[in-house]
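Let's take a walk through this model together, one region at a time. Keep the 3D view open as you read, and rotate it whenever a new part comes up.

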Amino acid sequence: MSHVSSPSSQGQAPLRTVQVLGGGNAGSSAHVRSLTAGLVARGVRVTVCAPSESDHAYDFSGAGADHVPVPRSSDPGSVAALRAACADADLVHAHGLHASFRAVLALSGRRTPLIVTWHNGARAEGARAHLLRLLERRVVKAATVVLGTTSGLVDRARRTGARDARLAAVSLPGARRDSGVLSGDKVRAELGVGERPLLLAVGSLERHRGYEVLLDAARGWRFLEPVPLVVVAGEGPLRGELQGRIDREGLPVLLAGRREDVPELLGAADLAVLTGADESRSVFAQEALHAGVPLVAPLTGGVRELVGDAAELVAAGDAEALAGAVVRLLGDEERRRVLRELGERQVGSWPTEDETVAQVLSVYDELTQPRPIG
């Protein structure tokens with residue numbers, strides 16, 4: 001870790017920041033945990049306002065933060081608890097649209113600088129989509145700085161009315177490049193894969209993940225011998241619908257439920273598959289490249305910006321293209337080797353946790369004045 005002198009070491013009162021988190025996104029939760037540890041190491045006082053279950057899962061307290069339990073809802077009680085937690089903050093940093101909206105409500109009438117990080121684009125349909133656009137507009141106009149994890153999110157913030165929108169450096173916290181190497185055989189035995197190729201997809205069973213496209217594509221490689229098995233690690237409201245279709249059509253797909261061993265699953269996988277068309281900075285895509293697993297993903301701006309040439313990119317929502325890419329990769333060992341090499345280089349181009357913390361701290365320094373002790 002590079003040394004950054006803390007405010008207190010320069011005769012100033014320590015900077016105090018409040019991190020506001022909704023708790024519904026694994027990527028943003030892991031980011032806040034990593035950011036918290038880095039800021040505390042630099043002498044910053046950190047309070048994390050997040051649901052209790054998020055602290056249990058990510059141990060913000062263990063990273064040196066004060067944790068204030070704040071439910072995900074925007075009811076008056078939650079907003080009041082957040083407002084009290086922000087009372088003497090030098091700045092507030094909110095992650096995600098709904099957490100940011102709560103922060104805007106809590107800071108109403110105060111001049112505390114608000115930083116907002118958008119990790120993914122908000123998703124909704126119909127009347128709810130209109131509501132989300134209104135929330136976005138309210139948030140970006142109130143924010144002092146909006147940080148977007150992709151160029152597309154930065155552009156979106158600017159179009160929505162942000163005064164200051166910037167591209168954020170966001171690392172993949174705690175990634176292990178050799179994850180799962182020793183446990184691959186054990187995982188394959190547990191899943192009953194045998195000698196079949198194993199394709200891995202990870203993410204909640206929700207519409208935006210594009211699993212219907214994955215099931216369509218699975219029909220396209222049933223003629224292979226042996227037939228590849230697709231394992232989907234995740235849980236969500238579409239389980240019944242997806243499982244019903246798998247059963248009716250006899251698809252080679254296993255819904256494995258929520259898993260805490262994604263690195264080990266990747267260590268057992270032959271290919272990783274990402275099907276969501278609006279993934280901005282996919283944690284799973286980053287984990288796959290870190291683990292050296294060839295990735296097939298949708299050709300969207302956010303994904304291309306993240307992985308470069310280190311993945312097989314196909315038209316979003318095109319099941320036939322997805323099936324074709326999988327079949328070609330499984331039959332082309334040299335291409336898989338090239339993708340692993342390209343992936344290693346791409347991973348080396350991503351910001352480290354230390355660089356991510358340094359960038360955020362530089363933004364904090366811009367927005368705060370020296371605070372003389374006494």
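**A helix with two sides**

On the face of helix H14 that is turned away from its buried side, you will find the exposed residues Glu344, Arg345 and Gly348. Before going further, please keep in mind that this is a predicted model.

Which residues of H14 are buried? They are Arg336, Leu339, Gly343, Gln346 and Val347. Looking down the axis of H14, you will see these buried residues fall within an arc of 95°, so they line one face of the helix. That buried set packs against strand E11, helices H11 (283-291) and H12 (301-307), strand E13 and helix H13.

The length of H14 can be checked too. With 17 residues at 1.5 Å a residue, H14 should span 24 Å, and the 25 Å between its end C-alpha atoms agrees with this.

H14, which covers residues 333-349, also holds a salt bridge: Glu334 and Arg337 sit 3 residues apart in the helix, separated by about one helical turn. The closest N and O atoms of this pair are 2.4 Å apart. Glu334 is partly exposed, at 44% relative accessible area, and Arg337 is partly exposed as well, at 33%.

**The sheet beside it**

From H14, move on to the sheet that contains E11 and E13. Strands of a sheet pair through backbone hydrogen bonds, either parallel or antiparallel. Here 6 strands form an open sheet with parallel pairing, in the order E10-E9-E8-E11-E12-E13. Strand E10 (253-257) and strand E13 (312-314) are the edge strands, each pairing on one side only. On average, neighbouring strands of this sheet are turned by 25° against each other, direction ignored.

At the E13 edge, strand E12 (residues 295-298) pairs with E13 in the parallel sense over 3 bridges. If you zoom in there, Ala297 stands opposite Leu313 in E13. Helix H13 (residues 319-330) lies across E8 (198-202), E11 (271-273), E12 and E13, and runs at about 160° to E13.

**Charges across the model**

Side chains of opposite charge can pair when their charged atoms come close. How many salt bridges does the structure hold? There are 21, and the Glu334 and Arg337 pair is one of them.

Another joins Asp59 to Arg33, with 3.8 Å between the closest N and O atoms. Asp59 lies in the loop between helix H2 (52-58) and strand E3 (66-69), while Arg33 belongs to helix H1 (residues 26-41), so this salt bridge ties together parts that are 26 residues apart in sequence. Asp59 is partly exposed at 38% relative accessibility, and Arg33 is partly exposed at 26%.

Are Arg259 and Asp261 buried or exposed? Both are buried, and their side chains meet in a salt bridge at 2.8 Å, N to O. Elsewhere, Asp216, Arg219, Arg245 and Glu249 are linked in a network of salt bridges.

**One last stop, in a loop**

Finally, find Thr112, which sits in the loop between helix H4 (97-106) and strand E5 (114-118). Its relative accessible area is 17%, so Thr112 is buried, the cut-off being under 20%. Leaving aside neighbours within four places in sequence, Thr112 is in contact with Ala89, Asp90, Leu91, Val92 and Leu107.

Technical notes. Residues are numbered from 1 along each chain as its sequence is written. This is a predicted model: local features need pLDDT of at least 70, side-chain atom pairs count only at pLDDT 80 or more; totals for chains, interfaces and linings use all residues. Side-chain values use heavy atoms; hydrogens and water are left out. Two strands pair if DSSP finds at least two bridges between them. Helices (H or I, at least four residues) and strands (E, at least two) are DSSP runs, numbered from the N terminus. Axes are lines fitted to C-alpha atoms, for helices over the stretch in contact, and angles run from 0 to 180 degrees between N-to-C directions. Contact means heavy atoms within 4.5 Å. A salt bridge is a side-chain nitrogen of Lys or Arg within 4 Å of a carboxyl oxygen of Asp or Glu. Buried means under 20% relative accessible area, exposed over 50%, partly exposed in between (1.4 Å probe, protein chains only). The expected span of a helix is 1.5 Å times one less than its number of residues. The arc is that of the directions from the helix axis to the C-beta atoms.
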